[in-house]
Every structure is written in structure tokens, then in C-alpha cells.
Amino acid sequence: MPGLDRQNDGEHGHDLKLENREGLFICNGCKELGFGNCYKCPRVRFCNYVLHVGCISEGRTPLSNPLFKNCKFQFYQKNPLTVAPACRICALDIQGRMYHCSKRKYSLHPYCATLHTTITLPGSDMKIKLRRGTKFNFFESKCLKCDRKNRSSNDVQCLSYVSSDGNLCYHVACMKEACRDNWIKGYFRPGSETNEQSKFLLLKNLAPKVELSRVGRTSEVLLIRFLKLVVFAILGEPFDLIAPLFQPSRS
């Protein structure tokens with residue numbers, strides 16, 4: 001069963017070993033961004049094959065997701081459809097392994113399928129929820145990254161993480177892209193320098209439309225708490241590696 005220290009993937013010739021990566025990687029199974037726990041080929045000198053924990057094929061059982069009632073998602077190593085479908089959570093095209101519900105014709109990235117629907121962190125009174133807007137009832141606030149209420153692809157709407165008061169919103173796809181971008185820029189690299197300038201640049205990249213110098217101390221703290229939760233939702237356990245970047249600026 002998935003979760004053991006070693007797994008056989010079926011498509012790869014070597015057993016894969018569970019390890020924790022301190023950097024981003026591209027999963028060979030779903031072709032999506034990964035961070036932290038993964039299964040990797042131990043023959044590192046000859047092979048860089050790596051998978052999300054959720055992309056291991058062995059022992060996969062049908063998946064239910066509370067966001068999609070009456071759906072049973074079956075895991076597929078190869079796309080069973082004639083075209084690349086859009087993920088019903090992030091609205092980005094699925095290029096590799098996937099979950100698919102044949103009844104509703106819905107598809108999910110394996111990584112997106114395991115995103116938490118509600119998240120809070122110790123010491124924080126803020127809670128965020130993974131939500132779907134409707135055609136007639138989008139969220140009050142716009143995405144902090146793209147400054148739009150709706151992001152969609154081929155009529156598939158991207159879901160958003162929204163604060164409990166509804167005032168802060170971030171599309172899943174926008175945060176996935178922002179995490180990749182911040183890694184490229186060096187802000188999400190373990191051991192990278194943490195100072196006021198790097199924190200300002202990180203926050204400016206995550207929320208480019210927000211004038212940080214004008215929001216005020218209280219609003220800045222709330223914004224940072226929200227971004228911290230959404231980044232945690234996407235990156236997961238290794239978040240503590242970059243947590244210092246999300247400390248409020250000194251007064």
C-alpha cells in the first residue's frame with residue numbers, strides 16, 4: 001500500500017524509496033510540481049525518476065472527494081480519454097496520471113485530489129476553505145494574484161482558497177504557478193537568505209496588486225496569515241523551511 005518506505009511503481013524498473021525533498025521537483029507521473037515527501041529512484045547517479053506519494057500506482061483504490069458528490073474517482077496511469085482533460089480543481093490541463101470519474105466525466109490531478117478543503121495552523125485564528133464559485137455567485141473578493149474573481153479553462157472553473165470572512169481569495173492554479181515562480185526566483189529555497197527585502201519581494205510576487213505600504217499593520221498581518229495558509233495548502237509539510245518569510249515586518 002502507498003505510504004511504505006519502498007514502493008514498486010509498475011512503470012519503473014526499480015523500487016522507489018520514500019524521501020523528503022527540500023526542493024521542488026516535477027513528478028514523472030502527473031507532470032505537476034511537487035515539494036517534500038516523494039518516491040524517488042535510489043539509483044541517483046543514473047536515474048532521477050521521482051513521483052508524488054499520491055502518484056504511486058500500486059494499491060490505488062477508488063477515491064471520493066467531498067467537493068464532488070456522487071463521484072468515484074478511479075486512478076489511471078495513462079489518460080483513458082481521447083483528449084487531455086482539465087482538472088476540476090485547478091482547471092489546468094492534465095498531462096499525466098489522473099483520477100477520473102466515468103459517471104460525471106470529471107478528472108483530477110492526483111495532487112489536487114488530496115488538497116485539504118479546510119485548513120488552519122496552530123497559533124492562528126484564521127481558517128481558509130477550498131471553495132467553488134458559481135455562475136451567479138462568485139466570491140466578493142478577487143484573487144490576490146491575477147486580480148480576477150473567476151479563472152477557468154474550457155468551461156472548467158478553477159477552485160479557490162477563501163478566508164472565512166470572504167475578503168481574501170486565491171485561485172489554486174494561481175498559487176501553484178506562484179510557488180513555481182518563487183522557487184525560480186530563489187525565495188522558496190531552503191537556506192536562502194531571509195531579510196526584510198526578500199520578504200517584501202516574496203509578498204509582492206504573491207499579491208502583486210496589493211500596495212503593502214498602504215494596507216496598514218493589521219491588514220498586513222491578516223494578509224500574511226492568509227498567504228501562509230494557502231502556501232501551506234499547496235506545499236504541505238515542508239512549509240517550515242520557508243516559514244520565516246511569512247513573519248510580519250518589524251514595526
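# Reading strands, cores and rings

Me: Let's start at the N-terminal end of this predicted model. How many bridges join β1 to strand β2 (residues 16-26), and do they run parallel or antiparallel?

Reply: Two strands count as paired once there are at least two bridges between them. Here 2 bridges join β1 to β2, and the strands run antiparallel. For a residue-level handle, take Arg6: its bridge partner in β2 is Lys17. Helix α2 also packs on this sheet, where it touches β2 and β3 (33-40), and its direction makes about 80° with that of β2.

Me: What is the strand order of the open sheet that holds β1 and β2?

Reply: Read it from one edge to the other: the order is β1-β2-β3-β4, an open sheet of 4 strands with antiparallel pairing. β1 (6-7) and β4 (50-52) are the edge strands, each pairing on one side only.

Me: And the sheet with β13 in it: what is its order, and which strands are at the edges?

Reply: That one is also an open sheet of 4 strands, in the order β9-β10-β13-β14, and its pairing is antiparallel. The edges are β9 (118-119) and β14 (169-171), each with pairing on one side only.

Me: How do I read the pairing of β10 with β13, and which residues stand opposite each other?

Reply: Count the bridges, then walk along the partners. β10 (residues 128-131) and β13 (residues 160-163) pair in the antiparallel sense over 4 bridges. Ile128 stands opposite Ser163 in β13, while Leu130 has Tyr161 as its bridge partner there.

Me: What about the other neighbour, β14: how many bridges does it have with β13, and what is in the turn?

Reply: There are 3 bridges between β13 and β14, again in the antiparallel sense, and Ser160 stands opposite His171 in β14. The two strands form a hairpin with 5 residues between them. If you like checking backbone torsions, look at Gly166 in the turn, which has a positive phi of about 80°.

Me: Are the faces of β13 covered or open?

Reply: Look at each side of the strand in turn. Both faces of β13 are covered: Ser160 and Val162 on one side, and Tyr161 and Ser163 on the other, are all buried. Helix α2 (residues 172-185) lies across β10, β13 and β14, and runs at about 75° to β14.

Me: Which residues have the most contacts inside the largest nonpolar core, and which helix gives the most to it?

Reply: The largest nonpolar core has 58 residues, and Tyr161 and Tyr170 have the most contacts inside it. Helix α4 (residues 217-235) gives the most, with 10 residues. There's also a second, separate core of 13 residues, and it includes Leu16, Cys38, Cys47 and Cys55.

Me: What does Tyr170 touch, leaving aside its neighbours in sequence?

Reply: Not counting residues up to four places away in sequence, the contacts of Tyr170 include Cys143, Tyr161, Met175, Leu206, Phe226 and Val230.

Me: How many aromatic pairs are there in the whole structure, and how do I read one?

Reply: A search of the whole structure finds 3 aromatic pairs. Take Phe68 and Phe73: their ring centres are 5.9 Å apart and their planes are at 80°, so that pair is edge-to-face. Then Phe68 and Tyr106, with centres 5.7 Å apart and planes at 70°, so this pair is edge-to-face too. The Phe68–Tyr106 pair links distant parts of the chain: Phe68 is in strand β6 (residues 68-76) and Tyr106 in strand β8 (residues 106-108), 38 residues apart. In general, a ring pair is described by the distance of the centres and the angle of the planes.

Me: How do those three residues fit together, and are they buried or exposed?

Reply: Phe68, Phe73 and Tyr106 form one aromatic cluster. Phe68 and Phe73 are both buried, with Phe68 at 5% relative accessibility. Tyr106 is buried as well, at a relative accessible area of 16%.

Me: Last one: how many disulfides does the structure hold, and what is the situation of Cys112?

Reply: The structure holds 0 disulfides. For Cys112, the nearest cysteine sulfur is that of Cys90, 3.9 Å away, whereas a disulfide needs the sulfurs within 2.5 Å. Cys112 counts as buried, at 1% relative accessibility. Cys143 is in no disulfide either, and its nearest cysteine sulfur, that of Cys174, is 3.9 Å away. Cys143 is buried, with a relative accessible area of 2%.

Definitions and conventions: Residues are numbered from 1 along each chain as its sequence is written. This is a predicted model: local features need pLDDT of at least 70, side-chain atom pairs count only at pLDDT 80 or more; totals for chains, interfaces and linings use all residues. Side-chain values use heavy atoms; hydrogens and water are left out. Rings of Phe, Tyr and Trp (its six-membered ring) pair if their centres lie within 6.5 Å; planes under 30 degrees apart count as stacked, over 60 as edge-to-face and the rest as tilted. Buried means under 20% relative accessible area, exposed over 50%, partly exposed in between (1.4 Å probe, protein chains only). Contact means heavy atoms within 4.5 Å. Axes are lines fitted to C-alpha atoms, for helices over the stretch in contact, and angles run from 0 to 180 degrees between N-to-C directions. A nonpolar core is a set of buried Ala, Val, Leu, Ile, Met, Phe, Trp, Tyr and Cys residues joined through side-chain atoms within 4.5 Å.
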